[in-house]
Amino acid sequence: MTHHPLKPGSDIFCEALAQEDVELMFGIPGGVVVPLYDKINKYGHRIRHILPRQEQGGGFAADGYARVTGKAGVALGTSGPGATNLMTSIANSMMDSVPTVYVTGQVTEGLIGTDAFQETDVIGMTMPIVKHSYFVNHAQDIRRVIKEAFYIASTGRPGPVHIDFAKDAWLSTAPDDTNVTMDLPGYQPIPERCSDGDIQRLEKLLERDGVKPVIIAGHGAELSGAHHELLEFAERHHIPVTSTLLGLCAFPQWHHQWIGMVGMHGDAVANFTVNAATLVISIGSRFDDRITGKVSAFIQGKTFAHFEIDPSEIGKNVPIDLPLSGDIRDSLTRANKLLSSHRFDAWWQWIEAQKERYGFLDFTLNPEKNTRDLSQPRLIQMLSDMTRGEAIVASDVGRNQMWTARFYRFKHPRSYLSSGGLGSMGYGLPAAIGAKLGLPEREVWAVSGDGGFMMNAQEMATLMAYNIPVKMMVMEDGALGMVRQWQNLLFDKNISHTDLKNPDFVALAAAFGIPAWRARTYTEAAQGIEKARQAKGSALVICHVDPDEYILPMIPPNAALGDQCLREEDFKRSG
Amino acid sequence: MTNIEYHYYWLHLYVQNGVGVMARINVILRKFGVNIQSIDVSVAEGTSAFSNIVFDLESTRDEHGIGIVMRKLERLIPVVKVEWKKVADKAKKTSRSAAKEFEF
């Protein structure tokens, strides 16, 4: 009989994390996790602990770390407010299928249900927004739970797992079996795998007379690591490829078959192409409402094939004619062996004509409205050119997010971080922190609007404390720009509570010891970006941008892709 | 007075026996607006590690729609097996007749 040493739960926890190859965690200590923090320094040589200034910042940082590395990010908060502050981060990871483990402290078991100090039913709160959750009240369960949590978070369709530890767990002791087995009879990471016969049915769809195929590459293609397989598939069949917001790095943007981003604020050519397509091949995209617009119009005259690891996504939003469930990389590898190649020259001629007519990856639809303020797409293109598309960019949410997605030409996979499904402002800066710590050799930029930047600006203290060289760009327009755009275009210019009175961002950054430059001209912007890049540590460039530079095209709510508004006048016509 | 068409389903779940499993299932059912009309839970024969839960469900979702709900249930970690079928549609009920049914 093997003798396992008796250890306190706090030690078992740290060692279990190390066994899962965790190198980094973001956490803020509090009452019920002090016994854990009493041990964390002991394991500092294996696990680096970063102290953010708000748990949400730590959660977003763990999320950003996970997106760039592919490894599960770890964030920790104490009970009560520490745990509730993590809610947005958890929901964000869930919506975007990011592998993360969120750890919260809980009051001792004897106090649960007494409305004790800093007691909240956080397991109850996170149930709808996690892949799975655990409550642990004794050291004997820690090894198994940690092993299961990381396995669940990282396999199949990734997602957040939440573990709530009662204080008893840290203080109790148990024999520590490092070879613990998991107990997950109900969990199948890949519940279904499409057959070769299913894949071969795709050939019939591609050979239909006059078929007009398009590939929508989504986040699933990136998560699966199927970049080469997707490229081979697209090239084999000469199919135009569009990306969703989170699929932007799944297919090389420099490739002649890439037609831009699809969706509510996507490229005109991509939207018109998807609208006209008769065969839509979704590869890891879930047909989110931002992509489809009005669903009844979207599905008209189209056949749908769906490569997807999560069977519950197939048929959820649009009816699927050919479900191709399973790991995307595996499915595409088989498809590349089984299917013969195709060409669609007439279809490409039509697409090229759209590029001529509407412009492609340029400013045809986005002329500058005034010469007083800077234009955001031009600034993003400048940043893209100056960094040669090599940087990791974490954008916030709003117009800055859409401009970054449209005009930064990402060269590498896993380089664009954005709160896609949840759309949480304040994501940019903390996510960039996580990305920089995960891949320190890469240049990392956080692009935010002034609204989103202020939501987690406190994390500049984290940059300062740990000398994390994140470069920041703030698009200052004195407004919650995206909401303002909706008010202007869809609510008769009734501006309601979207004006922002900002602090002096240069002075604010200086308070954190971060150099900052203000840009009111493109020359100043270029100089600011260059100085920021040359700075050894963090740096900030504040660009004064046009508050009424609308992000266009835009598909109004409940409109079809083909009814996208290309100009401001189109909104009046659309009613 | 609103005419609402309901569909009725029978659902059997084979699940791990533990605290919070029913809560997780109900999160899904509530999210998709599925009403539980009856529920029966028992520990599985021969093992206390698993339970059988049988539901009678009412929903405005048709079979395609309820299929989506069932696939979400399949994704729950403690759920080992899902079986379901549509049972005979009951008559359409109006909100007024439904209220009358429960007049005291």
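**Entry 1. Chain B, overall**

I began with chain B and counted three helices and six strands. The model I was reading is a predicted one. Reading chain B from the N terminus, I noted the order β-β-α-β-β-α-β-β-α. I then looked up burial, and found that buried residues account for 19% of the 104 residues in chain B. For contacts in chain B between residues at least 6 apart in sequence, I recorded that 74% join residues at least 24 apart.

**Entry 2. Glu58 of chain B**

I next selected Glu58(B), which is part of strand β4 (residues 50–59) of chain B. Is Glu58(B) buried, exposed or partly exposed? I found 18 C-beta neighbours inside 10 Å, and so entered Glu58(B) as partly exposed; the buried class would require 20 or more. Setting aside neighbours within four places in sequence, I listed its contacts as Tyr6(B), Tyr8(B), Asn35(B) and Gln37(B). I also checked Gly33(B), which is 25 residues from Glu58(B) in sequence, with a C-alpha to C-alpha separation of 9.0 Å.

**Entry 3. Where chain A meets chain B**

I turned to the contact between the chains, to which chain A gives 14 residues and chain B gives 15 residues. On the side of chain A that touches chain B, I noted nine nonpolar residues, four polar and one charged.

**Entry 4. Domains of chain A**

For chain A I took down the domain assignment: domain 1 covers 6–175, domain 2 covers 196–358 and domain 3 covers 376–551. I looked up the C-alpha centres of domain 2 of chain A and domain 3 of chain A and found them 30 Å apart. Their contact involves eleven residues of domain 2 of chain A and 13 residues of domain 3 of chain A. On the domain 2 side of this contact in chain A, I recorded six nonpolar, three polar and two charged residues.

**Entry 5. Helices α17 and α24 of chain A**

I then examined helix packing in chain A, using the angle and the distance between the axes, by which two packed helices are described. Helix α17 (residues 376–387) of chain A packs against helix α24 (residues 522–534) of chain A at about 40°, and the axes are 11 Å apart. I therefore entered α17(A) as oblique to α24(A); under 35 degrees the pair would have counted as roughly parallel. The crossing of α17(A) and α24(A) is right-handed. From α17(A) I listed Arg378(A), Leu379(A), Met382(A), Leu383(A) and Met386(A), which meet Tyr522(A), Ala525(A), Ala526(A), Ile529(A) and Glu530(A) of α24(A). I classed the residues in the contact of α17(A) with α24(A) as eight nonpolar, no polar and two charged.

**Entry 6. Helices α11 and α15 of chain A**

For helix α11 (residues 227–237) of chain A and helix α15 (residues 328–338) of chain A, I noted a packing angle of about 35° and axes 9 Å apart. The crossing of α11(A) and α15(A) is left-handed. The residues I found on α11(A) are Glu229(A), Leu230(A), Glu232(A), Phe233(A) and Arg236(A); those on α15(A) are Arg329(A), Leu332(A), Thr333(A), Ala335(A) and Asn336(A). I counted four nonpolar, two polar and four charged residues in the contact of α11(A) with α15(A).

**Entry 7. Helices α12 and α16 of chain A**

I found that the axes of helix α12 (residues 268–276) of chain A and α16(A) come within 9 Å, crossing at roughly 145°. The crossing of α12(A) and α16(A) is right-handed. Ala268(A), Val269(A), Phe272(A) and Thr273(A) represent α12(A) in this contact, and Ile351(A), Gln354(A), Lys355(A) and Tyr358(A) represent α16(A). I entered five nonpolar, two polar and one charged residue for the contact of α12(A) with α16(A).

**Entry 8. Backbone details in loops of chain A**

I looked up Leu361(A), which lies in the loop between α16 (345–358) and α17 of chain A. Its phi is near 55°, a positive value in a residue other than glycine. Leu361(A) has 17 C-beta neighbours inside 10 Å and therefore counts as partly exposed.

His497(A) lies in the loop between α22 (481–490) and α23 (505–511) of chain A. I noted a phi near 55° for His497(A), again positive in a residue other than glycine. With 9 other C-beta atoms within 10 Å, His497(A) is exposed.

Which residues of chain A are joined by a cis peptide bond with omega about 5°? I found Leu552(A) and Pro553(A). I placed Pro553(A) in the loop between β20 (539–544) and α25 (568–574) of chain A.

How values were computed: Residues numbered from 1 in each chain as written. Chains lettered and ligands numbered in written order. Predicted model: local features only at pLDDT ≥ 70, side-chain atom pairs only at ≥ 80, totals over all residues. Helix = DSSP H or I, 4+ residues; strand = E, 2+ residues; numbered from the N terminus. Buried ≥ 20, exposed ≤ 12 C-beta atoms within 10 Å, placed from the backbone. Contact = placed C-beta atoms within 7 Å. Domains from an automatic or database assignment. Nonpolar A, V, L, I, M, F, W, Y, C, P; charged D, E, K, R; others polar. Axes fitted to C-alpha atoms, helices over the stretch in contact; angles between N-to-C directions. Parallel < 35°, antiparallel > 145°, perpendicular 65-115°, else oblique. Left-handed = near helix turned anticlockwise from the far one by under 90°.
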